[in-house]
Amino acid sequence: MELIIKNLSKTYSNGVQALQNVSLTIGKGMFGLLGQNGAGKSTLMRTIATLQDPDSGEIEFNGINVLKSPEELRKTLGYLPQEFGVYPNVTAEELLTHIADMKGIVNKGERKETVEALLNKVNLYDVRSKKLDGYSGGMKQRFGIAQALLGNPELIIVDEPTAGLDPMERNRFYNLLSELGENAVVILSTHIVEDVSTLCTDMAIIGGGKVVLTGKPNKIEKSLKGQLFEVPIDKSQLETYQKKYNVISQRFFAGKLMITVLADDLPNGDFDAKKPSLEDAYFKILSEN
(Lines give C-alpha, C1' and ligand atoms only; values in the text may rest on other atoms or scores of the structure.)
Protein backbone atom coordinates (compact mmCIF):
# COMPACT_ATOMS: atom_id res chain seq x y z
CA MET A 1 0.00 0.00 0.00
CA GLU A 2 1.80 3.10 -1.24
CA LEU A 3 1.08 6.60 -2.55
CA ILE A 4 3.65 7.82 -5.09
CA ILE A 5 3.75 11.50 -6.09
CA LYS A 6 6.12 12.47 -8.89
CA ASN A 7 7.12 15.98 -10.01
CA LEU A 8 3.79 17.62 -9.18
CA SER A 9 3.51 21.32 -10.11
CA LYS A 10 0.66 23.81 -9.99
CA THR A 11 0.58 27.53 -10.79
CA TYR A 12 -2.65 29.47 -10.26
CA SER A 13 -3.99 32.07 -12.67
CA ASN A 14 -2.73 34.89 -10.41
CA GLY A 15 0.83 33.63 -10.87
CA VAL A 16 1.24 31.96 -7.47
CA GLN A 17 3.31 28.75 -7.74
CA ALA A 18 1.45 26.60 -5.22
CA LEU A 19 3.42 23.41 -5.99
CA GLN A 20 6.89 23.21 -7.49
CA ASN A 21 8.09 19.78 -8.61
CA VAL A 22 6.80 17.95 -5.50
CA SER A 23 7.79 14.28 -5.19
CA LEU A 24 6.92 12.04 -2.22
CA THR A 25 6.53 8.33 -1.50
CA ILE A 26 4.13 7.62 1.38
CA GLY A 27 3.53 4.18 2.85
CA LYS A 28 1.01 2.76 5.31
CA GLY A 29 0.76 4.62 8.61
CA MET A 30 0.54 8.24 9.70
CA PHE A 31 2.46 10.66 7.49
CA GLY A 32 2.76 14.29 8.57
CA LEU A 33 2.89 17.12 6.05
CA LEU A 34 4.08 20.14 8.01
CA GLY A 35 4.15 23.70 6.74
CA GLN A 36 3.00 27.25 7.35
CA ASN A 37 -0.30 28.56 6.04
CA GLY A 38 0.16 29.20 2.33
CA ALA A 39 3.00 26.68 2.00
CA GLY A 40 1.07 24.57 -0.52
CA LYS A 41 -0.27 21.87 1.79
CA SER A 42 -3.96 22.27 0.97
CA THR A 43 -3.24 22.49 -2.77
CA LEU A 44 -1.37 19.19 -2.55
CA MET A 45 -4.17 17.59 -0.49
CA ARG A 46 -6.87 18.75 -2.91
CA THR A 47 -4.85 17.46 -5.85
CA ILE A 48 -4.37 14.02 -4.28
CA ALA A 49 -8.10 13.99 -3.44
CA THR A 50 -8.90 14.60 -7.17
CA LEU A 51 -10.56 17.97 -6.46
CA GLN A 52 -8.22 19.85 -8.78
CA ASP A 53 -5.71 19.00 -11.50
CA PRO A 54 -2.00 19.86 -11.44
CA ASP A 55 -0.23 21.49 -14.36
CA SER A 56 2.17 18.55 -14.55
CA GLY A 57 3.26 15.45 -12.66
CA GLU A 58 1.89 12.04 -11.68
CA ILE A 59 0.10 10.46 -8.72
CA GLU A 60 -0.26 6.71 -8.24
CA PHE A 61 -1.94 4.79 -5.44
CA ASN A 62 -1.98 0.99 -5.36
CA GLY A 63 -1.74 0.78 -9.13
CA ILE A 64 -4.35 3.50 -9.71
CA ASN A 65 -3.29 6.36 -11.96
CA VAL A 66 -5.02 9.01 -9.88
CA LEU A 67 -5.00 11.80 -12.47
CA LYS A 68 -6.30 9.57 -15.28
CA SER A 69 -8.76 7.55 -13.18
CA PRO A 70 -9.96 9.84 -10.37
CA GLU A 71 -13.20 7.87 -9.90
CA GLU A 72 -11.16 4.77 -8.98
CA LEU A 73 -9.26 6.68 -6.32
CA ARG A 74 -12.48 8.13 -4.89
CA LYS A 75 -13.76 4.60 -4.19
CA THR A 76 -10.98 4.08 -1.67
CA LEU A 77 -10.52 7.65 -0.39
CA GLY A 78 -11.52 9.20 2.92
CA TYR A 79 -11.15 12.99 3.06
CA LEU A 80 -11.56 15.55 5.83
CA PRO A 81 -10.93 18.97 4.25
CA GLN A 82 -9.71 22.04 6.10
CA GLU A 83 -13.14 23.65 5.85
CA PHE A 84 -15.60 20.89 6.70
CA GLY A 85 -19.17 22.15 6.62
CA VAL A 86 -22.23 20.34 7.97
CA TYR A 87 -25.96 20.79 7.55
CA PRO A 88 -26.85 22.46 10.87
CA ASN A 89 -30.47 21.34 11.20
CA VAL A 90 -29.99 17.58 10.86
CA THR A 91 -28.67 15.08 13.37
CA ALA A 92 -25.31 13.34 13.16
CA GLU A 93 -27.04 10.02 12.56
CA GLU A 94 -29.18 11.43 9.73
CA LEU A 95 -26.29 13.11 7.91
CA LEU A 96 -23.92 10.17 8.28
CA THR A 97 -26.64 7.85 6.96
CA HIS A 98 -27.13 10.16 3.96
CA ILE A 99 -23.39 10.25 3.23
CA ALA A 100 -23.16 6.47 3.57
CA ASP A 101 -25.94 6.15 1.00
CA MET A 102 -24.04 8.44 -1.39
CA LYS A 103 -20.89 6.38 -0.87
CA GLY A 104 -22.70 3.31 -2.13
CA ILE A 105 -23.69 1.54 1.10
CA VAL A 106 -27.20 0.88 -0.18
CA ASN A 107 -28.23 -2.10 1.99
CA LYS A 108 -30.34 -0.57 4.76
CA GLY A 109 -29.23 -2.98 7.49
CA GLU A 110 -25.54 -2.70 6.56
CA ARG A 111 -25.82 1.08 6.40
CA LYS A 112 -27.43 1.31 9.85
CA GLU A 113 -24.80 -1.00 11.34
CA THR A 114 -21.95 0.96 9.71
CA VAL A 115 -23.26 4.33 10.89
CA GLU A 116 -23.73 3.13 14.47
CA ALA A 117 -20.26 1.57 14.54
CA LEU A 118 -18.61 4.77 13.29
CA LEU A 119 -20.52 7.00 15.71
CA ASN A 120 -19.32 4.72 18.51
CA LYS A 121 -15.76 4.85 17.18
CA VAL A 122 -15.65 8.65 17.28
CA ASN A 123 -17.49 8.77 20.62
CA LEU A 124 -20.60 10.51 19.25
CA TYR A 125 -23.14 7.71 19.61
CA ASP A 126 -24.69 9.18 22.75
CA VAL A 127 -25.32 12.49 20.94
CA ARG A 128 -26.29 10.92 17.58
CA SER A 129 -29.78 12.48 17.75
CA LYS A 130 -28.48 15.97 18.50
CA LYS A 131 -28.53 18.50 15.66
CA LEU A 132 -25.11 19.33 14.31
CA ASP A 133 -25.38 23.06 14.97
CA GLY A 134 -25.26 22.18 18.66
CA TYR A 135 -21.94 20.36 18.32
CA SER A 136 -18.65 21.86 19.54
CA GLY A 137 -15.78 22.34 17.12
CA GLY A 138 -14.13 19.14 18.33
CA MET A 139 -17.36 17.15 17.96
CA LYS A 140 -17.76 18.40 14.38
CA GLN A 141 -14.19 17.35 13.62
CA ARG A 142 -14.87 13.88 15.03
CA PHE A 143 -17.98 13.69 12.87
CA GLY A 144 -15.76 14.68 9.94
CA ILE A 145 -13.49 11.72 10.66
CA ALA A 146 -16.53 9.42 10.84
CA GLN A 147 -17.67 10.42 7.34
CA ALA A 148 -14.08 10.08 6.07
CA LEU A 149 -13.98 6.48 7.35
CA LEU A 150 -17.13 5.37 5.53
CA GLY A 151 -16.39 2.51 3.15
CA ASN A 152 -13.13 1.47 4.88
CA PRO A 153 -10.84 3.70 2.78
CA GLU A 154 -7.22 2.73 2.15
CA LEU A 155 -6.14 6.37 1.68
CA ILE A 156 -7.22 8.94 4.27
CA ILE A 157 -6.43 12.67 4.05
CA VAL A 158 -7.01 15.01 6.98
CA ASP A 159 -6.24 18.69 6.34
CA GLU A 160 -5.55 20.90 9.40
CA PRO A 161 -7.79 18.74 11.63
CA THR A 162 -6.82 20.18 15.04
CA ALA A 163 -6.73 23.90 14.22
CA GLY A 164 -9.00 25.75 16.63
CA LEU A 165 -9.54 22.83 19.03
CA ASP A 166 -9.05 23.26 22.75
CA PRO A 167 -6.39 21.03 24.42
CA MET A 168 -8.92 18.45 25.65
CA GLU A 169 -10.57 18.07 22.23
CA ARG A 170 -7.15 17.92 20.59
CA ASN A 171 -6.16 15.01 22.85
CA ARG A 172 -9.40 13.20 22.01
CA PHE A 173 -8.67 13.77 18.33
CA TYR A 174 -5.09 12.49 18.69
CA ASN A 175 -6.40 9.27 20.24
CA LEU A 176 -8.78 8.82 17.33
CA LEU A 177 -6.25 9.60 14.61
CA SER A 178 -3.59 7.33 16.12
CA GLU A 179 -5.71 4.27 15.33
CA LEU A 180 -6.20 5.08 11.66
CA GLY A 181 -2.70 4.36 10.37
CA GLU A 182 -2.85 0.68 11.25
CA ASN A 183 -4.76 -0.26 8.09
CA ALA A 184 -4.41 2.69 5.72
CA VAL A 185 -2.16 5.39 4.30
CA VAL A 186 -3.05 8.47 6.36
CA ILE A 187 -1.80 11.95 5.44
CA LEU A 188 -2.05 14.55 8.18
CA SER A 189 -1.59 18.07 6.78
CA THR A 190 -0.97 20.66 9.49
CA HIS A 191 0.94 23.77 10.57
CA ILE A 192 0.96 22.55 14.19
CA VAL A 193 4.25 20.81 15.02
CA GLU A 194 2.74 18.93 17.98
CA ASP A 195 0.32 17.15 15.64
CA VAL A 196 3.20 15.60 13.72
CA SER A 197 5.50 14.86 16.69
CA THR A 198 2.62 13.19 18.56
CA LEU A 199 1.16 11.08 15.76
CA CYS A 200 3.43 10.54 12.77
CA THR A 201 6.18 8.03 12.03
CA ASP A 202 7.24 9.78 8.81
CA MET A 203 6.95 13.36 7.67
CA ALA A 204 7.80 16.05 5.18
CA ILE A 205 8.18 19.80 5.59
CA ILE A 206 6.81 21.89 2.74
CA GLY A 207 7.49 25.56 2.13
CA GLY A 208 6.86 27.81 -0.85
CA GLY A 209 5.32 24.90 -2.72
CA LYS A 210 8.48 22.78 -2.40
CA VAL A 211 9.37 19.77 -0.25
CA VAL A 212 12.33 21.00 1.79
CA LEU A 213 12.86 18.01 4.10
CA THR A 214 11.61 14.44 4.55
CA GLY A 215 12.35 11.86 7.23
CA LYS A 216 11.29 10.41 10.56
CA PRO A 217 10.46 13.01 13.25
CA ASN A 218 12.78 11.49 15.87
CA LYS A 219 15.72 11.39 13.46
CA ILE A 220 15.08 14.96 12.34
CA GLU A 221 15.15 16.02 16.00
CA LYS A 222 18.40 14.13 16.69
CA SER A 223 20.11 15.77 13.70
CA LEU A 224 20.32 18.97 15.78
CA LYS A 225 21.88 17.33 18.85
CA GLY A 226 24.64 19.51 20.32
CA GLN A 227 23.83 22.46 18.04
CA LEU A 228 21.10 24.25 20.02
CA PHE A 229 21.56 26.72 22.88
CA GLU A 230 19.13 29.01 24.67
CA VAL A 231 19.32 32.07 26.85
CA PRO A 232 16.78 34.42 28.48
CA ILE A 233 17.15 38.06 27.40
CA ASP A 234 15.30 41.34 27.63
CA LYS A 235 13.13 42.06 24.62
CA SER A 236 15.21 45.16 23.88
CA GLN A 237 18.29 42.93 23.36
CA LEU A 238 16.74 40.80 20.61
CA GLU A 239 18.08 42.76 17.65
CA THR A 240 21.62 42.68 19.09
CA TYR A 241 21.48 38.90 19.53
CA GLN A 242 20.03 38.41 16.06
CA LYS A 243 22.98 40.27 14.55
CA LYS A 244 25.52 38.24 16.54
CA TYR A 245 23.94 34.76 16.52
CA ASN A 246 21.81 32.51 14.34
CA VAL A 247 18.56 32.92 16.29
CA ILE A 248 16.04 30.38 14.97
CA SER A 249 13.18 30.93 17.43
CA GLN A 250 11.97 32.98 20.36
CA ARG A 251 9.32 32.59 23.05
CA PHE A 252 8.33 34.26 26.30
CA PHE A 253 9.02 32.33 29.51
CA ALA A 254 8.50 33.71 33.05
CA GLY A 255 8.47 37.28 31.77
CA LYS A 256 11.71 36.91 29.82
CA LEU A 257 12.26 36.41 26.11
CA MET A 258 13.88 32.99 25.64
CA ILE A 259 15.81 32.70 22.38
CA THR A 260 17.14 29.54 20.72
CA VAL A 261 20.43 29.81 18.84
CA LEU A 262 21.95 27.38 16.32
CA ALA A 263 25.74 27.08 16.71
CA ASP A 264 28.54 24.52 16.45
CA ASP A 265 29.82 25.25 19.95
CA LEU A 266 28.47 26.76 23.18
CA PRO A 267 28.36 30.53 22.67
CA ASN A 268 29.91 32.88 25.21
CA GLY A 269 27.58 34.20 27.88
CA ASP A 270 24.77 32.62 29.87
CA PHE A 271 23.67 30.13 27.23
CA ASP A 272 22.54 26.62 28.18
CA ALA A 273 22.50 23.59 25.92
CA LYS A 274 19.01 22.74 24.70
CA LYS A 275 17.58 19.32 23.90
CA PRO A 276 16.33 19.46 20.29
CA SER A 277 12.65 19.13 19.47
CA LEU A 278 10.81 18.76 16.19
CA GLU A 279 9.72 22.37 16.60
CA ASP A 280 13.37 23.45 16.67
CA ALA A 281 14.06 21.54 13.46
CA TYR A 282 11.00 23.14 11.88
CA PHE A 283 12.10 26.65 12.90
CA LYS A 284 15.59 25.93 11.54
CA ILE A 285 14.13 24.94 8.16
CA LEU A 286 11.92 28.04 8.11
CA SER A 287 14.89 30.28 8.90
CA GLU A 288 16.79 28.84 5.94
CA ASN A 289 13.97 29.08 3.38
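Here is a short conversation about helix packing, aromatic rings and one strand residue in a predicted model.

Reader: What should I know before we start?

Author: This is a predicted model, where local features need pLDDT of at least 70 and side-chain atom pairs count only at pLDDT 80 or more, while totals for chains, interfaces and linings use all residues. Residues are numbered from 1 along each chain as its sequence is written, and side-chain values use heavy atoms, leaving out hydrogens and water.

Reader: Why is α3 called oblique to α4?

Author: Helix α3 (residues 92-102) and helix α4 (residues 108-121) pack at about 125°, with axes 10 Å apart. Angles under 35 degrees count as roughly parallel, over 145 as roughly antiparallel, 65 to 115 as roughly perpendicular and the rest as oblique, so α3 is oblique to α4. The axes are lines fitted to C-alpha atoms, for helices over the stretch in contact, and angles run from 0 to 180 degrees between N-to-C directions.

Reader: What makes the contact between α3 and α4?

Author: Ala92, Glu93, Leu96, Thr97, Ala100 and Asp101 of α3 meet Arg111, Val115, Leu118 and Leu119 of α4; contact means heavy atoms within 4.5 Å. These residues divide into six nonpolar, one polar and three charged. Here Ala, Val, Leu, Ile, Met, Phe, Trp, Tyr, Cys and Pro count as nonpolar, Asp, Glu, Lys and Arg as charged, and the others, Gly among them, as polar.

Reader: How do you know whether α3 and α5 are roughly parallel or oblique to each other?

Author: The axes of α3 and helix α5 (residues 137-148) cross at roughly 25° and come within 10 Å. Set against the cut-off for roughly parallel, under 35 degrees, that angle qualifies, and α3 and α5 are therefore roughly parallel. On the α3 side Ala92, Leu95, Leu96 and Ile99 take part, and on the α5 side Phe143, Ala146 and Gln147. The split is six nonpolar, one polar and no charged.

Reader: And what makes α5 and α6 roughly parallel?

Author: Helix α6 (residues 167-180) packs against α5 at about 10°, the axes being 10 Å apart. The two are therefore roughly parallel to each other. Among the residues in this contact are Met139 and Ile145 of α5 and Phe173 and Leu176 of α6. The contact as a whole has six nonpolar, two polar and three charged residues.

Reader: Why say that Arg128 lies over the face of Tyr125?

Author: Arg128 is 3.9 Å from the ring centre of Tyr125. A charge sits over a ring if NZ of Lys or CZ of Arg is within 6 Å of the ring centre and within 35 degrees of the ring normal, and Arg128 is counted as lying over that face.

Reader: Which residues form an aromatic cluster?

Author: Tyr241, Tyr245 and Phe271 do.

Reader: Where is Asp272 found, and what does Asp272 touch?

Author: Asp272 is in strand β14 (residues 272-273). Leaving aside residues up to four places away in sequence, Asp272 touches Leu228, Phe229 and Glu230.

Note on methods:
Helices (H or I, at least four residues) and strands (E, at least two) are DSSP runs, numbered from the N terminus. Rings of Phe, Tyr and Trp (its six-membered ring) pair if their centres lie within 6.5 Å; planes under 30 degrees apart count as stacked, over 60 as edge-to-face and the rest as tilted.
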